[in-house]
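Welcome! Below are a few short exercises, each with a worked solution that you can follow with the model beside you. Take them in order and try each task before reading on.

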Amino acid sequence: MGIHNDYSERNYVNPAFPHFVHGADYNPEQWIVTKEIWGEDMKLMREAGCNEMTVGIFSWAELEPEEGRFDFSFLDEIIDMIDKNGGKVILATPSGARPRWLASKYPEVLRVRPDGTRIRFGGRHNHCYTSPAYREKVRIINTELARRYSHNPAVMAWHVSNEYGGECFCPLCQEAFRGFLREKYHNNIDELNHAYWARFWSHTYRDFSEIEAPSEYTDTSIHGLTLDWKRFVTHQTVDFMKNEILPLKAENPDLPVTTNMQYDFRDLDYFQFRDVLDFASWDAYPRWHSGDDALTASAAAFWHDFYRCLKNKPFFLMESTPSLVNWQEYNKPKKPGLDTLSSVQAVAHGSDSVQYFQWRKGRGSSEKLHGAVVGHDGSSDTRVFRSVRRTGDILEQTDEITGSGVKAECAIILDWENRWALEDCQGFVRNDKKYIETCYQYHHVMWSRAVNCDVVHPHDDFGRYKLVIAPMLYMTDSGTIENLSRYVRNGGTLIATYHTGTVDGTDLCWLGKTPAGTLSDVFGIWREETDTLYPWETGKIIYLGKEYAVKDVAEVIHASSAETVGEYRADYYYGFPAVTRNSYGKGTAYYQAFRDDGCFIRDWLPEIMKEAGVAGNIPNETEFPHGFTAHSRQSGGDLYLFCENYSDSPVRDVHLGQQYIDMLTGEKRDTVSLEPYGLAVLKTDLASRS
Ligand code: GLA
Ligand code: ZN
């Protein structure tokens, strides 16, 4: 369940530092033999308007050069320097990469591949999460770090490890997986066999000891097993993370803990991180300029919205590049304006930080060409440095926004387990189910209408939303069915789509009419068939006299109590309902039986929002100029409006519907004009809004 924010007071990540954080990943140990660079860095940090550095992420070999021999001198010195320069430190635990001695002495810390071969020392995030030796070594170094630094006033938060991810198929992990299943299925192998439909192809288990992790070398036909393995990988990662956090909290329970999560990361169900972290943070590397930047921006916004909702409080943008990355196929710098705009975008969606990877470009190894605030020229006289400085100025001018919340009347449901089940299922389109892309599609319509939107778990409390959208909720367990039904019964407006309510929480198909259980009543329909369209096929529907294209999926449904508002106009289901509306309890449930190319929901969703009483951040009847959007944060009586232009053309005179103070120029304004990739941050009091 999400934690509710009533927006009445500020909610700071660390109340001891109630300001925006502007900083970067900093690896001073890479410059330990040319230490004059450290002094230069301090000067440049002040010049860039940075007030924070994240250190220690990959420093284990420096901090514990030999087993049990610790040397914190470099960290002591650098934390002291940052402190003396008025900066704060986010201190990392070093488990993201281990020293060579550790892997040589305890080979079990290294991962095993599905084929049973153990990976040799190398890379970074290559560790077994189950290994008692690794957990113990991490516990020891984290204890040392916590004792030494967790009461240092310069240290404002912990950054545990780095981008947790990956799986390990070693005997220890296999045994832990069996233990996880024993607990889940009450040590009853028949219960597991039933949940896995294991009689299929004679795969019945006689005992838990026969279970092996699914892979190309074992079994991928038992969908319940694959789903449970993914759940286990998240469970084991979270368990490892808890082991990391324990010694930190033992020394100072008040120092907040986060870990840096990633953009559209399939492998871990981040909702399970919710209760373990004090605040969320993530690394945003969208592929800017690879197509329509408005689409790239709204997809990035989707993840900002998710990370805000994870803890229902301000999150941190822990990493972003001030220019380019080095790992995409085409590594393109951000165009002028976009660095600041994409940084402020995070803030608009609820981030209280803008942080970069990395502060200074290393000279060698694989990230030497990755963008950084300071390049190999060591100069501040660069386009990139100036844009970081500009972002720093904006954060300073708008610092009072820190700790405020985002109020959204709409939510989109995101569910990792559903995604895993859907992508694993053999049916429909075999390989390209487009789950996340479909979530983005709905989110984009709200984004382009300047409507704040939350991204929530299917079991969250939806009571505060006027509209909830549940794209492709193929796997709906009984808790989700009950939660959705209750929401509509109590007066909510729900939109769901094709695939809803097909399998239960163990990936067994629901029997009887679908959408399963009470959902058939909620939507007033039942599903008979699903047509999968070839990529070159386009179907057709009609809604309010206008025809729209059908792509990929068309369900043949029957309306029981629902009213048909859109109808198929092609194929053997010509005349069948394609979009339905049903009253259920005090609420309304819409069902969209087909996938469109975005044109239908662009027209339809604003109608539903209007009917549900959803207000955008700027009142308007038509669409804004392409690439324009606006998002808001609020707290107490203050409302902050961020206007953003993700296009390379200027935007002129958008009417705001009321007067605001421009926080960057001090002017009063009731219209806004923006440069290409430009932005404005405006303020008003909430009372003047109504
Ligand atoms: C990730 C990692 C960083 C760095 C960047 C490069 O976000 O956490 O250490 O490798 O990618 O973009
Ligand atoms: Zn392992």
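**Exercise 1.** Find how far apart the C-alpha centres of domain 1 and domain 2 lie, and how many residues each gives to the contact.

*Solution.* Start with the distance: the two C-alpha centres are 37 Å apart. Next, count the residues in contact (heavy atoms within 4.5 Å): domain 1 supplies 27 and domain 2 supplies 22. To place these parts on the chain, use the bounds 21-167 + 230-401 for domain 1, 410-612 for domain 2 and 628-689 for domain 3; such bounds come from an automatic or database domain assignment.

A word on conventions: this is a predicted model, in which local features need pLDDT of at least 70 and side-chain atom pairs count only at pLDDT 80 or more, while totals for chains, interfaces and linings use all residues. Residues are numbered from 1 along each chain as its sequence is written, chains are lettered from A and ligands numbered from 1 in the order in which they are written, and side-chain values use heavy atoms, with hydrogens and water left out.

**Exercise 2.** Describe the interface of domain 1 and domain 2 by its buried area and its salt bridges.

*Solution.* First, the area: about 2200 Å² is buried between the two domains, and carbon and sulfur atoms give 59% of it. Buried area here is the accessible area (1.4 Å probe) that two parts lose on being put together, summed over both. Second, the salt bridges (a side-chain nitrogen of Lys or Arg within 4 Å of a carboxyl oxygen of Asp or Glu): there are 5 across this interface. Third, look at the elements: helix 8 (223-251) and helix 9 (293-311) each give two or more residues to the side of domain 1 that touches domain 2. Helices are DSSP runs of H or I with at least four residues, strands are runs of E with at least two, and both are numbered from the N terminus. Helix 9 provides the largest share of that side, 12 residues.

**Exercise 3.** Which parts of the chain does the aromatic pair of Trp60 and Tyr134 tie together?

*Solution.* Begin with the whole structure, where 47 aromatic pairs are found. Rings of Phe, Tyr and Trp (its six-membered ring) pair if their centres lie within 6.5 Å; planes under 30 degrees apart count as stacked, over 60 as edge-to-face and the rest as tilted. Trp60 and Tyr134 are 5.9 Å apart centre to centre with 40° between the planes, a tilted pair. Trp60 belongs to helix 2 (residues 60-63) and Tyr134 to helix 5 (residues 132-149), so the pair ties together parts 74 residues apart in sequence.

**Exercise 4.** Locate the cis peptide bond between Thr514 and Pro515, and the positive phi of Asn187.

*Solution.* As background, most residues other than glycine have a negative phi, and most peptide bonds are trans. The bond joining Thr514 and Pro515 is cis, with omega about 0°. Pro515 sits in the loop between strand 13 (493-497) and helix 15 (519-523). Asn187, which is not a glycine, has a positive phi of about 55°. Look for Asn187 in the loop between helix 6 (171-184) and helix 7 (189-196).
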